[in-house]
Amino acid sequence: MIYDFQKIEKKWQNFWSVQQTFKAENQSDKPKYYVLDMFPYPSGAGLHVGHPLGYIASDIVARFKRHKGFNVLHPQGYDSFGLPAEQYAMQTGQHPAKTTATNIKRYRKQLDRMGFSFDWSREVQTSSPDYYRWTQWIFLLLFDSYYCLDDDKAKPISKLIASFEAEGNINIKANCDNNIPEFGADEWNAMGALEKEEVLLKYRLTYLSDTEVNWCPALGTVLANDEIINGVSERGGHPVTKKKMRQWSMRIGAYANRLLEGLNTLDWSDSLKEVQRNWIGKSIGASVYFDVKGHQDRLEVFTTRPDTIFGVTFMTLAPEHELVQKITTAEQRGAVENYILEAAKKSDRERQSEVKNISGVFTGAYAIHPFTKEKVQIWIGEYVLAGYGTGAVMAVPCGDQRDYDFAKHFDIPIINIFDQIDISEAAYTEKASVGLINSDFLNGLSYKKAVKRSIYALEELNAGKGTVNFRLRDAVFSRQRYWGEPIPIYFKSGIPFPLKAEHLPLKLPKVEKYLPTEDGKPPLGNAKDWAWNTVLEKVVSLDEIDNETIFPLELNTMPGWAGSSWYFIRYMDAQNEESFVGNRALNYWQDVDLYLGGGEHATGHLLYSRFWQKFLYDRGYLPVEEYAKKLINQGMILGNSAFIYRKKGTQDFISKGLIKGQKVEPIHVDVSFVNLNNELDIEKVKAWQKDFEHSNFILEEGKYIVGREVEKMSKSKYNVVNPDEICETYGADTLRMYEMFLGPLEQDKPWNTAGISGVHNFLKKTWRLFYDQEKLIVDNNKPSPEAYKILHQTIKKVTDDIERYSFNTCISTFMICVNELSALKCSNREILAPLIVLLSPFAPHFSEELWSVLGHSKSIEFEPFPLFDPYHVTETTKDYPVSFNGKMRFTLKLSLSLSIDEIKEIVINEERTQNQLQGNPPKKIIVVPGKIINIVI
């Protein structure tokens, strides 16, 4: 019987689907194991061979854990809100839901074909109203909460209101907006309802404010920092500018320290944790307040070096700083405004990286030094970011190289405050214990002492205080898109009011166009029915707005990260219609035991989801503060791109071997047009794109040889390999094993289709242990000790390697095992049956088929994993090297249980020994048990 992988794989995929083999129960006497993949965005391009890498790894673990007796939750779903579907809707008018449904259908077909053991009964789609109902509910819970600094946790806003009613806000310590006026209980109680709501908005965990955002005109929406790469949008590569907009934000900054400390409890890679630590960016120092001459305002700066305050000779503000327009003099206004416009065209990354380009403009205003009372120039400079710290720095050119270069460039005075340090060529940036000079009461003090003394002096003058600062900014939550979760808010006199939870979901309305409106409103502004009737408590026409009982609804939608910030919770109880998760399921599953996904999500999804988890924990809805115990970032499978070389200024394409000395530009071509010898099918290229139709291809030895380069697998690079084609040619089990065989899970590795045949041949060789042509040859004979040894060595190695996620070495071990068993002509059931269970997590269809032909009616999935027995690998004999005067002449197999005297007796009576001695008695026989025998003659 031949290995008919296509027939076998369809058979078992159908079996698993009908039997619901992988459906997990929310209660079990078995220990739980929750293994999770980062769910995919269902793009129109479908999956390429790089996408399943993490899914295969997680599936191996899931199947292994089932064999080990665990109740395994291994769900899958779709992060189905996204910009590509919306852009397609803008171009074609087709509703994004239709495009998304088509794409999901394709993804599901591809995933099923690869034999993943997903529990599809728990499938979620973030764009389904049944799902985003609960995303909206979490938003409302955040809106109904504030962050109490005394208890270091989120609490219901009702507790804050009760405090206001009893004593005002004078003793309230909360994470909130800056510069909230103090008020007593009488003042609060005298406020009108709208005024109270306006005050509460400054405390809520999700709030409206005028925020500096990354605006992408081409996409018509705000982008998060992690959606921008090298100053352009990740999607489409469009320019991004800075813009102030009225936006929803979330106070993730309130959780900065807890997010930082929580990393110490997680089994995540050090590199990923370091990325999050840097993004959160904890700094210990002081806030310093500078009065502005001629204004009532104070400039706040944060510095980690308050000891250098006497070295301040100018201030630099971010061009977007709120005080810039207010304090700029008439003489400098034109220059300042021009500079602001130019800075807005650059990304934060560009502004920070352009260290050689020194630029700035004097505002004409002066700050007053808190100690010397001298005037200090106030400049604006693009290297200062509004989103970092306070958006203002006190410049100490003698102690900071960038300030030093700025001061030199603009001829600003530099005061040296470091004793016996030459700053004629560069700033002194060390924290060594050099004494201070020109620093009044800090003179002579070392770094540590001066920091403490300066903070004390600032606090005495009410000109500053010791503080901890975080780089992490509050997260902008609004997007000017159609295809996203509607924000369940209506507006009364410009003040936001929440819908009641029982009226969720607030569904996306029908619109004629998915573009922003002509007056610049988000796409939801095109909806005719988008007002909230507070009496009927339902959506009604905009024409009915009376601002008494019927009010406009929010036009922005939620960002892409909203739905992905809690999907791992919904999987625990995906069909629950009464709650986002039921207590019974939650108390059983608790958290994710193993999470697999890309490291590129370190500062996006993996941070936002930890924030939401901690918030829901604070409010008593979750039992644990971190949701993923262990996280593995799988590496990428890289594409082997193909290039043709166009001679500059022509339509001539020169074969790779002829380009030396020529001025050429490499152009990607589809890898499917190239054979294994790197020869290009020219006719396919000409038919592919009109640009190549009339091109001239210059050949070498009658062939066009392409160039090759390993790079990220991407549709735009035409180096994508479709897994469907691999499954069709070699089978899903071959694909699964080959992807694991390519290299360590966490490393990037290049794809090479030519190498896949080796894995396919391994499966066919394993098949031949069971079948000789059409005949099943498995017998019930007792295996040889050698066969037992090979099996148990394999059990030990594969078990250990799975538990340390070293799947590539598992494949190597299987290959060695099958080669050795084949050499023994082993056909013993006692050896082959456990071997197939070992192989099952890697090649599930193959293993199910062979398990069934061995006479089993139930799936192999829950068969206990073979246990290692050291007895079978314990050595009982030794091939001793027998030497004469130190030169080895032959080997002798002896039992390891023999004594030294017994060994001597056996070796001296050995015929080969007598031949060496030639009748002469040995002078000495040296025996090292288990190692060597040496005869001295």
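## Exercises: two helix pairs and a buried threonine

In this predicted model, helix H25 (residues 807-823) packs with helix H26 (residues 829-839) at an angle of about 160°, their axes 12 Å apart.

**Exercise 1.** Work out how H25 is oriented relative to H26, and what kinds of residues make up their contact.

*Solution.* Start with the angle: about 160°. Angles over 145 degrees count as roughly antiparallel, so H25 is roughly antiparallel to H26. The crossing of the two is left-handed. Next, look at who touches whom: Phe814, Cys817 and Leu821 from H25 meet Ile831, Leu835, Leu838 and Leu839 from H26. Sort those residues and you get seven nonpolar, no polar and no charged.

**Exercise 2.** Do the same for H22 and H23: find their relative orientation and sort the contact residues.

*Solution.* Helix H22 (residues 732-741) and helix H23 (residues 756-770) pack at about 125°, with axes 9 Å apart. That angle makes H22 and H23 oblique to each other, and their crossing is right-handed. On the H22 side you'll find Asp733, Thr734, Met737, Tyr738 and Phe741, which meet Ile756, Val759, His760, Phe762 and Leu763 of H23. The tally here is seven nonpolar, two polar and one charged.

**Exercise 3.** Decide whether Thr557 is buried or exposed, and find the backbone oxygen its side chain reaches.

*Solution.* First, place Thr557: the loop between strand S23 (550-552) and helix H16 (561-564). Its relative accessibility is 0%, so Thr557 counts as buried. Now follow the side chain, which reaches the backbone oxygen of Arg481 at 3.0 Å. Beyond its neighbours within four places in sequence, Thr557 has contacts including Phe477, Tyr482, Pro486, Leu508 and Leu524.

Notes. Residues numbered from 1 in each chain as written. Predicted model: local features only at pLDDT ≥ 70, side-chain atom pairs only at ≥ 80, totals over all residues. Heavy atoms only, no water. Helix = DSSP H or I, 4+ residues; strand = E, 2+ residues; numbered from the N terminus. Buried < 20%, exposed > 50% of the residue type's maximum accessible area, 1.4 Å probe, protein only. Polar contact = N/O pair within 3.5 Å; in protein donor to acceptor, adjacent residues only side chain to side chain. Contact = heavy atoms within 4.5 Å. Axes fitted to C-alpha atoms, helices over the stretch in contact; angles between N-to-C directions. Parallel < 35°, antiparallel > 145°, perpendicular 65-115°, else oblique. Left-handed = near helix turned anticlockwise from the far one by under 90°. Nonpolar A, V, L, I, M, F, W, Y, C, P; charged D, E, K, R; others polar.
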